[in-house]
Amino acid sequence: VVDDLVIVAGVIVSWGDLATPAHRFMAFDKRTGDFVWISSTRLRPPDTIYSAPVLATIAGQKLLIAGASDGWLYALQPRTGKIVWEYQLSRRGLNVSPTVDGDVVYMGHSEENPTGTKVGAVVAVNGAGKGNVTQSGEIWKELEVADGKSSILKVDDLLFCPDDSGKLFVLNAKDGSQVGRKISLGTINFASPVYADGKIY
């Protein structure tokens with residue numbers, strides 16, 4: 001819910017210009033249910049996904065930031081649906097929610113990367129960019145951290161990144177370098193970590 005709008009998203013097939021499947025964001029008036037806008041990502045995405053969008057104000061602009069079924073990270077204007085910037089992170093869908101701190105957006109995945117043969121990555125993106133920021137907006141990227149189900153937790157200058165195999169990677173938020181050894185938590189991670197009272201739950 002953003003101001004007077006309810007925004008929902010998913011892989012949608014409709015008719016006319018919307019007949020081809022795409023991950024689409026739709027806004028409705030929260031009082032009346034009237035349709036306000038729809039915004040489409042790339043056509044024929046390979047997956048459906050479970051990434052919940054986050055709201056952030058970056059460079060004075062309110063943004064709805066979300067991972068999509070086509071493997072791209074998007075920032076949209078929540079009032080209009082206009083895509084402000086996009087970043088290609090994966091060949092398949094993105095399931096975790098972005099983590100935003102200031103102007104920096106952190107995101108992970110556990111699928112194939114757009115290039116090379118390594119699987120999984122955590123990335124830091126400059127959220128103040130415009131257009132395709134895959135090259136220009138990337139601050140750093142750490143490959144082979146398969147953070148595809150649990151969202152990243154940032155505490156001070158550290159990123160806590162649970163990977164799909166039950167391990168916890170700790171990365172330096174400034175450059176993506178690994179801090180210490182990965183920690184074994186079990187066999188798989190689904191829930192996103194929460195920080196409170198100096199502890200991570």
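## Serine 69 and its surroundings

Serine 69 is found in the loop between strands S5 and S6 of this predicted model. With a relative accessibility of 0%, serine 69 counts as buried, because the cut-off for a buried residue is under 20%. The side chain of serine 69 makes a polar contact of 2.9 Å with the side chain of histidine 23. A polar atom of the serine 69 side chain also lies 3.0 Å from the backbone oxygen of aspartate 47.

Histidine 23 and aspartate 47 both appear again in the wider list of contacts of serine 69. With neighbours within four places in sequence left aside, that list also holds Val11, Pro45, Pro46, Thr48, Ile49, Arg92 and Gly93.

## Strand S5 and its two partners

Strand S5 covers residues 61-67, and five of its seven residues are buried, so the strand is largely enclosed by the rest of the structure. On one hand, S5 pairs with strand S4, residues 54-58, in the antiparallel sense over five bridges. Within this pairing, threonine 57 of S4 stands opposite lysine 62 of S5. S4 and S5 form a hairpin with two residues between them.

On the other hand, S5 is joined by four bridges to strand S6, residues 72-76, and these two strands also run antiparallel. Here glycine 67 has leucine 73 in S6 as its bridge partner. S5 and S6 form a hairpin as well, with four residues between the strands, and glycine 71 in this hairpin takes a positive phi near 90°.

## Two residues with positive phi

Most residues other than glycine have a negative phi. Alanine 59 departs from this pattern, with a positive phi near 50°. Alanine 59 is placed in the loop between S4 and S5, in the turn of their hairpin. At 61% relative accessibility, alanine 59 counts as exposed.

Aspartate 156 is another residue that is not a glycine and has a positive phi, in this case about 55°. The loop that holds aspartate 156 lies between S13 and strand S14, residues 158-162. Aspartate 156 is exposed, with a relative accessible area of 63%.

## The sheet of S13 to S16

Four strands make up an open sheet in the order S13-S14-S15-S16, with antiparallel pairing. Strand S13 (153-155) and strand S16 (183-184) stand at the edges; each has a single partner strand, so one side of each is left without a neighbour in the sheet.

The partner of S16 is strand S15, residues 167-172, and the two pair in the antiparallel sense over two bridges. In this pairing, leucine 168 has isoleucine 183 of S16 as its bridge partner.

## Aromatic rings

The structure holds two aromatic pairs. In one of them, the rings of phenylalanine 28 and phenylalanine 35 have their centres 6.0 Å apart and their planes at 70°, so the pair is edge-to-face. Phenylalanine 28 is partly exposed, with a relative accessible area of 24%, and phenylalanine 35 is also partly exposed, at 48%.

Tyrosine 106 and tryptophan 140 form a tilted aromatic pair, 6.3 Å centre to centre with 45° between the planes. This pair links distant parts of the chain, since tyrosine 106 is in strand S9 (residues 104-112) and tryptophan 140 is in strand S12 (residues 138-143), 34 residues apart. Both tyrosine 106 and tryptophan 140 are buried. Another ring, that of tryptophan 72, has the charged end of arginine 42 over it, 3.5 Å from the ring centre.

## The largest nonpolar core

The largest nonpolar core has 18 residues, of which Leu63, Ile65, Leu73, Trp85, Tyr87 and Met107 touch the most other members. Two or more residues of this core come from each of S4, S5, S6, strand S7 (83-88), S9 and strand S10 (119-126). Leucine 73, named in this group, is also the bridge partner of glycine 67.

Methionine 107 has contacts with residues from many places in the sequence, among them Ser51, Gly67, Leu73, Leu89 and Leu94. Others in contact with methionine 107, again apart from neighbours within four places in sequence, include Val96, Ser97, Pro98, Ala121, Val122, Val123 and Ile152.

Conventions: Residues numbered from 1 in each chain as written. Predicted model: local features only at pLDDT ≥ 70, side-chain atom pairs only at ≥ 80, totals over all residues. Heavy atoms only, no water. Buried < 20%, exposed > 50% of the residue type's maximum accessible area, 1.4 Å probe, protein only. Pairing = 2+ DSSP bridges. Phe/Tyr/Trp six-rings, centres within 6.5 Å; stacked < 30°, edge-to-face > 60°. Lys NZ or Arg CZ within 6 Å of the ring centre and 35° of its normal. Core = buried A, V, L, I, M, F, W, Y, C linked by side-chain atoms within 4.5 Å. Contact = heavy atoms within 4.5 Å. Polar contact = N/O pair within 3.5 Å; in protein donor to acceptor, adjacent residues only side chain to side chain.
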